[in-house]
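Please look through the sequence and the model below before reading on. The paragraphs that follow lead from the whole chain to a few of its residues.

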Amino acid sequence: MSNILVLYHSRGGNTKIMADTIAAGASELEGMTVRVLSTDEASFDDLKWCDGIALGSPTNYGTISGKMKCWWDELPPSGWGTLDGKIGCAFSSSGAWGGGAELTCMTLMTILMNYGFLTFGVTDYVDQQFSPHYGSISASSPNEERVQKSCHRLGRRLAEWVSTLINSREDHHPLKQDYERFKSKT
């Protein structure tokens with residue numbers, strides 16, 4: 001069994017919708033236990049519990065929300081260096097395309113790296129010219145099918161990497177999966 005945490009902050013509900021879709025993708029792989037928690041609900045114990053994390057924040061002024069930053073700032077200093085080797089990825093919703101969501105994902109991954117998480121992006125194209133390379137992103141409500149596919153794939157890929165790298169399940173490696181990885185990349 002592997003433990004996946006989907007940790008998010010959501011002001012208007014869009015990032016929460018993305019979190020739930022990512023959790024559904026992670027749950028698709030056998031042997032995954034998934035928790036979806038907001039920054040109001042989660043604690044450092046949840047970080048210790050997980051083998052992998054999908055970290056999500058709305059994009060505020062081109063970066064993470066203040067609430068997400070404060071959550072990490074308030075973690076116990078004694079926890080520093082105790083999470084090395086866990087797997088992490090990021091997701092973000094913004095008000096518009098070009099609003100900084102990919103920068104927000106990069107900032108979230110930088111936070112994870114500072115705590116010793118191994119971070120990844122997804123090379124797959126889930127729709128024409130649409131890929132969660134730096135994490136799943138959405139402009140406004142994540143109701144577009146391609147955004148939902150991106151979130152689902154990000155969660156699935158997190159589960160695959162956790163299962164492969166933490167539990168040595170080579171059959172769960174992303175390159176050994178039978179779903180289409182490069183849909184309409186041209």
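How far apart are the mean positions of the 17 positive and 21 negative charges of the chain? The two mean positions are 2 Å apart, where Lys and Arg count as positive, Asp and Glu count as negative, and His and the chain ends are not counted. For this purpose, the place of a charge is taken as NZ of Lys, CZ of Arg, CG of Asp or CD of Glu.

Some notes on how to read the values come next. This is a predicted model, in which local features need pLDDT of at least 70 and side-chain atom pairs count only at pLDDT 80 or more, while totals for chains, interfaces and linings use all residues. Residues are numbered from 1 along each chain as its sequence is written, and side-chain values use heavy atoms, with hydrogens and water left out.

Consider the chain as a whole. It has five helices and six strands, where helices (H or I, at least four residues) and strands (E, at least two) are DSSP runs, numbered from the N terminus. Read from the N terminus on, these elements follow one another in the order β-α-β-α-β-α-β-α-β-β-α. The C-alpha trace spans about 45 × 40 × 20 Å along its principal axes. A compact globule of 186 residues would have a radius of gyration near 16 Å, and the 15 Å of the chain agrees with this; the radius is taken over C-alpha atoms, and the globule rule is 2.2 Å times the number of residues to the power 0.38.

Of the 186 residues, 52% count as buried, which means under 20% relative accessible area, whereas exposed means over 50% and partly exposed lies in between (1.4 Å probe, protein chains only). The accessible surface of the chain comes to about 8,400 Å², and 50% of that surface belongs to carbon and sulfur atoms; such areas come from the Shrake-Rupley method with a 1.4 Å probe, and for residues only the protein chains shown count as cover. Among contacts (heavy atoms within 4.5 Å) between residues at least 6 apart in sequence, 75% join residues at least 24 apart.

The UniProt record, in an unreviewed entry, lists residues 4–166 for "domain: Flavodoxin-like"; its positions are given in the numbering used here, feature names are shortened, and annotations may be inferred rather than shown by experiment. Over residues 4–166 the chain is 39% helix and 20% strand, and the end C-alpha atoms are 12 Å apart.

Turn now to single residues, beginning with Pro-58 in strand 3. Pro-58 counts as buried because its relative accessibility is 9%. Leaving out residues up to four places away in sequence, Pro-58 touches eight residues by name: His-9, Thr-15, Thr-63, Ile-64, Ser-65, Ser-92, Ser-93 and Thr-104. Pro-58 and Ser-138 are 80 residues apart along the chain, yet their C-alpha atoms are separated by 9.4 Å.

Val-122 and Thr-123 both belong to the loop between strand 5 and strand 6. Val-122 is buried, since its relative accessible area is 1%, whereas Thr-123, at 43%, counts as partly exposed. Beyond its neighbours within four places in sequence, Val-122 is in contact with residues including Pro-132, Leu-154 and Arg-157. Thr-123 touches Arg-157 as well as Ser-131, His-133, Arg-181 and Phe-182, again not counting residues up to four places away. The C-alpha atoms of Thr-123 and His-133, ten residues apart in sequence, are 5.5 Å apart in space.

Two further residues concern the backbone angle phi. Most residues other than glycine have a negative phi. Tyr-61, in the loop between strand 3 (52–58) and helix 3 (66–73), has a positive phi near 55 degrees, and Tyr-61 counts as exposed because its relative accessibility is 88%. Ser-168, in the segment after helix 5 (145–167), also has a positive phi, of about 55 degrees, and Ser-168 counts as exposed at 58% relative accessibility.
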